[in-house]
Amino acid sequence: MRCPVCGEESLSPLADLDASNWLVARFKRPGLLESRPSFAALHARVCRSCGALLPFLDQKQRDELAEEWDTLIPVAPDPKPETPPSPESPS
Ligand SMILES: [Zn+2]
């Protein structure tokens, strides 16, 4: 499996993340009182070349994510490309 950071074919087998260090992705819901969909990455692979640590959901979480996919709302606006400075602005 290829590392998405350095591109080397050097990812480890799947390992368990320590239960106190699970990474949880939380999305928004339209209403404030609605429970937020959240998905914990319980596993990780490590790149032998660059040391990148890549978290992965397990199959149950992936199934739940697939069910919620069309209802997920980003927690922040998508980043916009930087606008170039206008000619009249001081440099
Ligand atoms: Zn790497």
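Leaving aside neighbours within four places in sequence, Val 46 is in contact with Ser 12, Ala 15, Gly 51 and Leu 53, and this residue of a predicted model offers a convenient point of entry into the fold. Val 46 belongs to strand S4, where Val 46 stands opposite Leu 53 of strand S5, so that one of the contacts just named, Leu 53, is also the residue that faces Val 46 across the pairing of the two strands. Val 46 is classed as partly exposed because 15 other C-beta atoms lie within 10 Å, a count that falls between the limit of 12 or fewer for an exposed residue and that of 20 or more for a buried one. Pro 13 is 33 residues away from Val 46 along the chain, yet the C-alpha atoms of the two are separated by 8.0 Å.

From Val 46 the view can be widened to the sheet. Three strands, in the order S1-S4-S5, make up an open sheet with antiparallel pairing. The edges are formed by strand S1, residues 15-16, and strand S5, residues 53-56, each of which pairs on one side only. Strand S4, which covers residues 43-46, is joined to S1 in the antiparallel sense over 2 bridges, and S4 is also paired with S5, again in the antiparallel sense, over 4 bridges.

The register of these pairings can be followed residue by residue. Between S1 and S4, Asp 16 has His 43 as its bridge partner, while Ala 15 stands opposite Ala 44. Between S4 and S5, the bridge partner of Arg 45 is Leu 54, and Val 46 stands opposite Leu 53. In a regular strand the side chains alternate between the two faces of the sheet. The hairpin of S4 and S5 has 6 residues between its strands, and within this hairpin Gly 51 takes a positive phi near 85°; Gly 51 is also among the residues in contact with Val 46.

The segment before S1 supplies two further residues to examine, Arg 2 and Glu 8. Is Arg 2 buried or exposed, and on what count of C-beta atoms within 10 Å does that rest? Arg 2 is exposed, because 11 other C-beta atoms lie within that distance, and a residue with 12 or fewer is placed in that class. When residues up to four places away in sequence are not counted, Arg 2 touches Gly 7 and Glu 9. The C-alpha atoms of Arg 2 and Leu 42, which are 40 residues apart along the chain, are separated by 20 Å.

Glu 8, by contrast, is partly exposed, because the count of other C-beta atoms within 10 Å is 13, and a residue must have 12 or fewer to be called exposed. With residues up to four places away in sequence again left out, Glu 8 touches Cys 3, Cys 47 and Ser 49. Its C-alpha atom is separated by 14 Å from that of Leu 53, a residue 45 places apart from Glu 8 along the chain.

Away from these strands, Glu 34 is placed in the loop between strand S2, residues 23-26, and strand S3, residues 38-41. Glu 34 is exposed, because 10 other C-beta atoms lie within 10 Å. Although Glu 34 and Cys 50 are 16 residues apart along the chain, their C-alpha atoms are separated by 40 Å.

It remains to consider the chain as a whole. The chain has 1 helix and 5 strands, which, read along the sequence, follow the pattern β-β-β-β-β-α. The radius of gyration is 19 Å, whereas a compact globule of 91 residues would have a value near 12 Å, and along its principal axes the C-alpha trace spans about 55 × 45 × 25 Å. Of the 91 residues, 3% count as buried. Among contacts between residues at least 6 apart in sequence, 56% join residues at least 24 apart.

How values were computed: Residues numbered from 1 in each chain as written. Predicted model: local features only at pLDDT ≥ 70, side-chain atom pairs only at ≥ 80, totals over all residues. Pairing = 2+ DSSP bridges. Contact = placed C-beta atoms within 7 Å. Rg over C-alpha atoms; globule rule 2.2 N^0.38 Å.
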